[in-house]
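This report introduces a protein chain to a reader who has not met it before. The sequence and the structure are shown first, and the description follows.

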Amino acid sequence: MATRAVDEVMPEDPLSTSRAIFNSPSWRLVGRRVLAAIPVMWGVTLLSYLVMNMLPGDAASALLGLGATPTEVHSLEVKLHLNEPLLTRYWHWLTQVLQGNLGHSLTNGLPVASLIGQRIWFTLGLLAYAFLISVVFSVPLALISARKPGGLVDRATMALSMGGLSIAPYVLPLILILVFSIRFQLFPAIYPNPHSVFGTVRALTLPAASFGFPLTCFYTRLLRADLVEQMASEEYVVTAQAKGLGSWQVLTRHALRNSLFSFITVLGLNVGTLLAGTVIVESIFAIPGIGQLLLQSIQDRDVPVVEALVLIFAAFAVLANLLADLAYAVLDPRVRHGRAAA
């Protein structure tokens with residue numbers, strides 16, 4: 001009988017299971033976000049292409065130098081197809097990208113994908129380090145400040161945050177170099193291309209702090225304000241306190257979870273700003289990342305490289321916001337089951 005009962009139990013169909021997963025509201029939300037991102041990324045590339053071609057000068061003149069004759073400049077323009085109409089060149093670039101080909105650099109003829117592939121890991125490591133610094137410090141500081149609003153720790157934290165937000169982004173790296181590289185000689189001022197994990201972390205500490213400290217200040221103020229509002233006005237806080245939970249337990253178990261929505265939103269929105277900031281930080285610390293490559297390519301009027309980097313920056317921003325939407329689904333069951341999906 002036992003064997004017969006087992007035989008009568010039909011195994012779950014893998015195909016139906018996979019269909020149920022991919023038909024869930026969370027995956028439909030992902031699909032809508034991806035479809036909405038396509039015209040955004042196309043518009044970004046078109047706008048950047050137009051702006052690059054409105055800048056004074058051209059790639060041929062930049063490559064040949066000031067001593068080049070008009071005939072030499074024209075010959076190079078024909079060779080690089082720079083004499084073709086603007087929209088024709090953009091359409092040719094776009095069709096190549098849709099086929100997976102980012103083209104070749106105008107300055108050295110190397111594949112754009114190879115140039116970016118050699119440098120992107122430096123930038124990703126720098127951004128990941130900066131995000132880690134900002135999250136690790138901002139969440140505990142916000143919790144400690146929100147536990148006793150107006151207290152000594154809260155006032156000190158808010159004063160430090162305001163000071164950090166008041167420093168210009170190009171000034172903070174110079175202060176860090178002056179203090180930690182020149183005065184105490186703890187970290188290198190110029191990226192030394194280390195060959196060990198410890199050396200890489202040490203070399204990226206000051207650049208990451210240049211990003212991470214202002215982010216920590218901003219995230220701390222944002223999260224602290226939301227936590228204080230949650231503790232002061234939400235009914236679930238009163239219910240939790242009536243059950244005998246202390247203020248610290250209410251903060252960490254209940255208020256923090258609800259406050260993470262605004263925190264995650266800002267994390268996603270800040271990715272584009274951080275990518276733009278890599279141009280400044282990588283130039284100051286001589287980090288061979290894509291931020292430095294973007295600045296050099298703009299100076300050289302290397303349109304294929306600039307366009308590819310703009311496309312990658314836009315893709316990172318879209319991906320960050322998509323991950324933020326998925327995080328909402330994890331934190332809030334209403335989003336996960338489709339009752340609050342935007």
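## A starting point in helix H10

Alanine 209 is located in helix H10. The model in which it is seen is a predicted one. Setting aside residues up to four places away in sequence, alanine 209 touches Ile133, Leu172, Leu176 and Pro214.

Alanine 209 and leucine 126 are 83 residues apart along the chain, and their C-alpha atoms are separated by 9.5 Å. Leucine 126 has contacts of its own: with residues up to four places away in sequence not counted, it touches Leu204, Pro207, Ala208, Phe211, Val281, Glu282 and Ile287.

## The chain as a whole

The chain contains 15 helices and 0 strands. Of its 342 residues, 38% are buried. The accessible surface amounts to about 19300 Å², and carbon and sulfur atoms account for 68% of this area.

Contacts across the sequence can also be described for the chain in general. Where the two residues in contact are at least 6 apart in sequence, 73% of the contacts join residues at least 24 apart.

## Nonpolar cores

The largest nonpolar core consists of 60 residues, and those with the most contacts inside it are Ile116, Leu126, Phe211, Leu223, Leu227 and Leu309. At least two residues of this core come from each of the helices H3, H6 (86-98), H7 (112-147), H9 (172-183), H10 (197-233), H12 (247-285), H13 (290-300) and H14 (303-331). A second core, separate from this one, has 5 residues, including Ala60, Val73, Leu76 and Leu106.

Helix H12 also holds glycine 277. This glycine counts as buried because its relative accessibility is 15%, which is under the 20% limit. Glycine 277 lies 108 residues from proline 169 in sequence, while the distance between the two in space is 8.1 Å, C-alpha to C-alpha.

## Aromatic pairs

The whole structure contains 5 aromatic pairs. One of them joins tyrosine 49 and tyrosine 90: the ring centres are 5.3 Å apart and the planes stand at 70°, so this pair is edge-to-face. Because tyrosine 49 belongs to helix H3 and tyrosine 90 to helix H6, the pair ties together parts that are 41 residues apart in sequence. Tyrosine 49 and tyrosine 90 are both buried. Ring pairs also bring Trp93 into a cluster with Tyr49 and Tyr90.

Another pair is formed by phenylalanine 122 and tyrosine 191, whose ring centres are 5.8 Å apart and whose planes are at 90°, so it too is edge-to-face. Here the link runs between distant parts of the chain, since phenylalanine 122 is in helix H7 and tyrosine 191 is in the loop between H9 and H10, 69 residues apart. Phenylalanine 122 counts as partly exposed, with 22% relative accessibility, whereas tyrosine 191, at 11%, counts as buried.

## Charged residues

How many salt bridges does a search of the whole structure find? The search finds 1. Arginine 224 forms a salt bridge with aspartate 154, and their closest N and O atoms are 2.6 Å apart. The pair connects distant parts of the chain: arginine 224 is in helix H10 and aspartate 154 in helix H8 (residues 152-166), 70 residues apart. Arginine 224 counts as buried at 19% relative accessibility, and aspartate 154 counts as buried at 3%.

Arginine 89 is situated in helix H6 and counts as buried, with 16% relative accessibility. Apart from neighbours within four places in sequence, arginine 89 is in contact with Tyr49, Asn53, His81, Leu82 and Glu84. Among these contacts is Tyr49, which also takes part in the ring cluster with Tyr90 and Trp93.

## A nonpolar patch on the surface

Leu47, Leu50, Val51 and Met54 make up a nonpolar patch on the surface, and their accessible area together is about 380 Å². Leucine 50 is placed in helix H3 (residues 25-54). With a relative accessible area of 30%, leucine 50 is partly exposed.

Helix H3 thus appears in several parts of this description. Leucine 50 of the surface patch lies in it, tyrosine 49 of the aromatic pair lies in it, and the helix supplies at least two residues of the largest nonpolar core.

Notes:
Residues numbered from 1 in each chain as written. Predicted model: local features only at pLDDT ≥ 70, side-chain atom pairs only at ≥ 80, totals over all residues. Heavy atoms only, no water. Patch = residues over 30% accessible without salt bridge, like charges linked within 9 Å, V, L, I, M, F, W, Y side chains within 5 Å. Areas by Shrake-Rupley, 256 points an atom, 1.4 Å probe, with all protein chains shown as cover. Salt bridge = Lys/Arg side-chain N within 4 Å of Asp/Glu carboxyl O. Helix = DSSP H or I, 4+ residues; strand = E, 2+ residues; numbered from the N terminus. Buried < 20%, exposed > 50% of the residue type's maximum accessible area, 1.4 Å probe, protein only. Core = buried A, V, L, I, M, F, W, Y, C linked by side-chain atoms within 4.5 Å. Contact = heavy atoms within 4.5 Å. Phe/Tyr/Trp six-rings, centres within 6.5 Å; stacked < 30°, edge-to-face > 60°.
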